[in-house]
Amino acid sequence: MMKKAYLWVGLLATLALVGCGANKDQGEMKKEGTDVVEINMVESLTSPERTKILEEIVAKYEAEHPTVNINIISPPLENADAKITQMLMNGKDVDIVEVRDSTIAQYATNGWLEDLDSYIEKWDEKETLTASAEEVIHYLKDGAYMLPYGFYQRGLYYRTDWFKDKGLEAPKTWEDIYQSGMALTDASKSQFGYSFRGGKSGYQYADTIYWSWIGTDKIESANAAYFLKDGNGETIFSLPETKEALHFYKDLFKNASPTDSIAWSFAEMVQGFVGGNTAMLIQDPEVIAICQSDMEEGTWDLLPFPIGPSGQGVFPNGFAGWGMTSFSENKEVVADFLLFLSNSENNTYFAENYSTIPIHSNAGEKSSYFSEGYFGVYLEMAKQPEVYRHAAYPQMYEAFATYKTEVDTMYQKYLTDEITDDELLKWLDDFWKTAYETEGKKW
Amino acid sequence: MVTKGKTISLMDGENKKKAKPSKLRRRRDRFIFFMLLPAILFPLIFTYYPMVKGSMMAFQSYNLMNIKNIKWVGFDNFKALFSTQMGNSFYRILGNTLKWVLISVLSQFVIGFGLALLLKKRFKGLGLYQALIFFPWAVSGFIIGIMWRWMFNGTSGVINDILIRLHLIKEPVGWLADKSTSLYSAIIANIWYGIPFFTIMIVAALRGVSKDLYEAANVDGATSIQKFFYITVPSIKSVLLLTLLLRIIWIFNFPDLIYSMTEGGPADSSNIITSYMMQLVQSLDYGMASAVGVLCILFLAVFSSIYLSLTRYVD
């Protein structure tokens, strides 16, 4: 995976060089006529494949608007967000920026993003936006700071052949995952039930288990799902269900997962599943493409997210999109291009080639990719909103940046018996109570 | 050499007292000053200004999550680092840093010295052998880290595979996932990486030692151990002391391997002070990161002066 990342960086550098050359030529050609509007667009989740799709859509727009020249800037994936922060701090030369669920609060709080509400209001395609899209456009209560391009929702990947050999049913609930996971675990063969994530961002997996145990009805907002309904800053970490779910989380690690998965993050957990060490994996739709290319057809399948004792399967509605900078000098042009990029046709094309869930409800009509095959699972889940719910960690808090770097270590200490369940839950509870007291209600 | 310099400067001083500063002399002084100016200005602007500016952040609440809310907080960041609250691993990180530096440097030094002694004598194929030895030094720390990370991988790593085939272990070990082995795994990778530096430097120094000394020792009937401790080591003492000091500073400031192998985990068991600083930068808390940075500068400054005065290198 890391090797791949380096290859990508190399390829990207080449592409960027080639790209720069091409853009310059176009720019010079246009300059002969009227004034050319230069728009700089910075992407964060860069990959050569994705940049190519964006370039295609940009070329289409430029053909229709000969006086507009859009440059795509692609910093290397590894530390793209840090680079983008520096560019935004400079306060010039960036018109469009890729905004993620993990960066939107930072960019908006610092006043780097323009409110897009007035443009979206006038948009003739706003009627077909999905509920998920509506939900995240107003992620921050004081404005629409970005237009999403897609969602990363989780599903359960599993080895159909292993399950068949053991005579096990396809897992539907977290309990199923645990029971079948234990049955499939055989450490001497390096074979385990579940691709556990204990490394970077492992806390997100613990959170989905908590929410599936508690149910979203007790939670005040799906975007800040650590806080209880009418709780005035009280958190889910004080509930008995959470403690029970935390014990389940530890058991899943101890009895059905590889020991070294305490340090696993995205690359290792996917490698564990694809490489034949683990039987189950919970991940985003981008893993579909990896499984298709590296695994034999018929040995794996994608299932809906597992359901907890609350009768719900709860997972974050991971999102990313495009924002306009507050200091852009060509706001009308930028808005026009953003709406073009996000229209049903272009967004569906983008989502299909980049494995994200599209933002328009008519995507299934535009492309069978979203109604048939592996992706059908997501449509299936969308049809049962009473079972499959969204909830996410309160990323709009300033304290979240600190939380993100400290929390994984705390979970690791708990999983290795260095601290107790009560100590961990108290730490979590104190952290978010303090954040609420200092920053107030932010959703 | 040193005494000669001293005499000259003394004489210069005596002359100064006697002669009145002439116009020509003042002009010469001014000329020297302007010639020296770039050498003073460049470090001031490009090294010390950013350093002071960066250090100031250590006393501020400086979080990129909200740059409109930057304020002075005195020693709060340092207090938070040294707090004994549950969940704070800073003392563990300091202990890890000590182990990381001491074990890495000493092992690199001993093995590097040994290899240098082997390379001292010229033999057929020396060039190729030297190139092979020096190779790791030419590769970036991050790439070395990623390479070792997969080698130490608990489920599909080659190290487990070899140890199982040799019947040294029965089940695969999660080297980087176990709190008791993660730091030492990173140290092994670091030792492998750093040996060539000592070898290169010590070989160069060894080749400069006069052969006459060894011949004289042979005439006196000295043993090889005596020759090693009474001729070899004293002759290259200054190189040994300097390379040791340099390596200690470098290894202290070398989070690349830790970061790419374990990211300091699990549970901070392999975190060292500089990889912790990188994590703080990633969390956008530049105030805390800068506080850790200031501590690093202080540690290294104090350590270097003690080291140099103990080894009397300044003499």
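In this predicted model, helix α18(A) gives the most to the lining of the second largest pocket, with nine residues. That pocket holds about 1400 Å³ of space. Of its 44 lining residues, the closest to the centre are Thr402(A), Glu406(A), Phe431(A), Ala80(B) and Asp285(B).

Both chains supply the wall. From chain A, α17 (399-415) and α18 (421-439) each give at least two residues to the lining of the second largest pocket. From chain B, β1 (60-61), α3 (76-81), α4 (90-120), α13 (273-282) and α14 (286-310) each do so as well.

The structure also holds six cavities of 30 Å³ or more. The second largest cavity encloses about 50 Å³ of space. Its lining consists of Trp264(A), Glu268(A), Gln271(A), Gly272(A) and Asn277(A), together with Trp150(B), Asn153(B), Thr155(B) and Ser156(B). Helix α11 (residues 266-274) of chain A provides the largest share of this lining, three residues.

The table gives the classes of lining residues for the two spaces.

| Space | Nonpolar | Polar | Charged |
|---|---|---|---|
| Second largest pocket | 15 residues | 19 residues | ten residues |
| Second largest cavity | two residues | six residues | one residue |

A separate site is Ser355(A), in the loop between α14 (344-354) and α15 (363-366) of chain A. Ser355(A) counts as buried because its relative accessibility is 8%, and buried means under 20%. Leaving aside neighbours within four places in sequence, Ser355(A) is in contact with Pro285(A), Glu286(A), Tyr369(A) and Phe375(A).

How values were computed
Residues numbered from 1 in each chain as written. Chains lettered and ligands numbered in written order. Predicted model: local features only at pLDDT ≥ 70, side-chain atom pairs only at ≥ 80, totals over all residues. Heavy atoms only, no water. Helix = DSSP H or I, 4+ residues; strand = E, 2+ residues; numbered from the N terminus. Buried < 20%, exposed > 50% of the residue type's maximum accessible area, 1.4 Å probe, protein only. Contact = heavy atoms within 4.5 Å. 1 Å grid on protein atoms, 1.4 Å probe; cavity = no way out; pocket = protein on both sides within 12 Å on 5 of 7 lines; lining within 4 Å. Points joined across faces, edges and corners; volume = space filled by probe spheres on them. Nonpolar A, V, L, I, M, F, W, Y, C, P; charged D, E, K, R; others polar.
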